[in-house]
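Visitor: I have not seen this one before. Can you walk me through it?
Guide: Yes, here it is.

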Amino acid sequence: MTKYVIQGGSPLFGEVNISGAKNAAVAIIPAALMVDGVCRIENVPQISDVTLCLKILEQLGANIRAVNRHTVEIDCTHIRSTRTSYELARKIRASYYLIGALLGRFGQAEVAMPGGCNFGVRPIDQHVKGFTTLGAKVVVEGGFIHASTENGRLKGANIYLDVVSVGATMNIMMAAVMAEGNTVIENAAKEPHIVDLANFLNSMGANIRGAGTDTIKIQGVDRLRGGSYAIIPDQIEAGTYMAAVAATGGQILVKNIIPKHMDCITAKLVEMGVEVEEHEDTLLVRRNAPLQKANVKTLPYPGFPTDMQPQITAVLCLAQGTSLVTESVWNNRYRYVDELKRMGASIQVDDKTAVVEGVDHLTGAPIQACDLRAGAALVIAALAAKGESEISCVQYIERGYEDIVGKLRALGANIRVVEEPGENEELEAHIG
Ligand code: EPU
């Protein structure tokens with residue numbers, strides 16, 4: 001069993017290089033399935049979700065070559081199967097992108113539902129609505145989603161999403177790229193990784209316009225050809241390091257980012273008394289003065305990201321005054337709060353709202369990560385806390401943060417990895 005042991009209470013100083021965006025990578029890698037030829041993908045983050053995606057593609061017959069630590073070449077010219085393995089696909093929520101990619105190129109897909117997932121609890125109804133509007137038949141049988149077309153090709157259509165969904169927008173976009181005729185997605189999500197996926201597909205020969213606005217127009221093409229593409233930097237990884245220095249104090253240079261993507265996070269940290277200096281592709285983040293309370297409401301982009309909600313809540317635990325955090329994207333994203341309370345935080349959760357009363361300090365404790373961003377929040381709390389914390393279930397954190405231990409150490413954090421007897425718990429796919 002792997003744990004992180006953190007001796008907290010010291011400010012962070014130094015530079016951190018941000019990796020490629022997880023939520024772009026886990027869509028772009030499945031999208032490579034649609035390409036007839038070799039795609040070279042650069043700035044691929046080294047995280048376990050990416051490893052899983054690549055394994056799934058390999059099982060389907062893709063030829064994958066690691067060029068270096070962050071560059072892969074994927075050749076999906078000779079795909080053998082349109083049925084994914086249950087064992088692999090169920091472990092990652094993003095396996096739903098395999099449906100859009102396989103259905104779009106081959107007119108059929110059989111993809112295992114992610115673990116614990118069903119249409120009621122973790123809905124993908126908007127994805128399914130998109131596929132059926134494009135002419136597919138979709139049924140769930142034997143733990144698999146079966147999607148098929150009558151003549152092997154989808155037909156372009158107008159689709160209005162009932163909820164703003166990142167996954168549905170990207171999945172429908174993939175499916176429509178090779179459909180016959182034109183598709184319009186309305187009420188589309190606008191996250192940076194949606195623009196990134198569209199740019200990737202366009203660089204392989206697709207014709208997508210309007211990604212990043214709420215209306216995306218896609219003109220179907222016959223095939224996608226090989227090419228080269230670099231994934232955007234990870235907005236949430238960058239935000240997590242910004243939150244870490246906000247909690248501990250100190251000064252760090254966050255490198256290899258797109259500052260515009262950070263605006264929603266920067267604005268909130270500035271409100272809390274953090275200084276942020278913007279440069280071309282870096283942000284200098286400094287906190288010397290006491291933290292001030294702030295109210296935070298998560299919203300689809302360009303609002304404050306839900307994937308930063310646990311981390312900002314960890315910081316607000318140390319702010320002067322009472323802050324209100326409202327989670328408006330996911331139900332049940334406060335499971336980490338009990339762990340923060342064990343460190344001395346004062347937080348009351350009522351449905352979608354957390355009332356955070358700032359305390360003078362947190363105290364190190366044994367704590368357990370329950371998902372990716374919850375894990376990141378606990379790391380931040382532990383870095384700021386007095387004394388030693390021992391974080392278990394860190395495999396959740398490693399799903400989405402490349403070399404978090406090495407990067408924090410380079411900033412002066414006292415963090416080490418310990419291996420103890422016992423198995424790592426098998427990951428639940430959760431909402432990541
Ligand atoms: N929803 C529906 N029907 C659908 C799809 C979504 O009702 O068909 C609802 C969801 O229940 C949720 C809301 O719409 O309440 C938004 O869900 P969305 O589809 O946007 O989320 P997702 O695509 O499944 C991605 C990220 C999440 C991130 C959300 C929101 C990936 C692999 N995951 O999930 O990332 O929280 O968008 O921005 O891209 C994470 O990285 O830690 C993570 C959880």
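Visitor: Start with the ligand. What lies 2.6 Å from an oxygen atom of the ligand?
Guide: A polar side-chain atom of S165 does. Keep in mind that this is a predicted model.

Visitor: And which residue has a backbone N or O atom 2.8 Å from a ligand oxygen?
Guide: That is Q126. W330 also takes part, with a polar side-chain atom 3.0 Å from an oxygen atom of the ligand.

Visitor: How much of the ligand's accessible area does the protein cover?
Guide: On its own the ligand has 820 Å² of accessible area, and the protein covers 91% of that.

Visitor: Which residues come nearest to the ligand?
Guide: There are 24 residues around the ligand, and S165, V166, G167, D307 and V329 come nearest.

Visitor: New topic. How is the chain divided?
Guide: Into domain 1, residues 2-19 + 233-428, and domain 2, residues 22-218 + 226-230. The centres of domain 1 and domain 2, taken over C-alpha atoms, are 30 Å apart.

Visitor: How many residues are in contact between the two domains?
Guide: 18 residues of domain 1 touch 18 residues of domain 2. Domain 1 and domain 2 bury about 1500 Å² between them, with 47% of it on carbon and sulfur atoms.

Visitor: How many salt bridges are there across that interface?
Guide: Two are found between domain 1 and domain 2. The side of domain 1 that touches domain 2 has seven nonpolar, four polar and seven charged residues.

Visitor: What about polar contacts there?
Guide: Eight residue pairs are in polar contact between domain 1 and domain 2.

Technical notes:
Residues are numbered from 1 along each chain as its sequence is written. This is a predicted model: local features need pLDDT of at least 70, side-chain atom pairs count only at pLDDT 80 or more; totals for chains, interfaces and linings use all residues. Side-chain values use heavy atoms; hydrogens and water are left out. Domain bounds come from an automatic or database domain assignment. Contact means heavy atoms within 4.5 Å. Buried area is the accessible area (1.4 Å probe) that two parts lose on being put together, summed over both. A salt bridge is a side-chain nitrogen of Lys or Arg within 4 Å of a carboxyl oxygen of Asp or Glu. A polar contact is a pair of N or O atoms within 3.5 Å; within protein, one must be able to donate a hydrogen and the other to accept it, and residues adjacent in sequence count only if both atoms are side-chain atoms. Ala, Val, Leu, Ile, Met, Phe, Trp, Tyr, Cys and Pro count as nonpolar, Asp, Glu, Lys and Arg as charged, and the others, Gly among them, as polar. A residue is near a molecule or strand if one of its heavy atoms lies within 4 Å of it. Accessible areas come from the Shrake-Rupley method with a 1.4 Å probe; for residues, only the protein chains shown count as cover.
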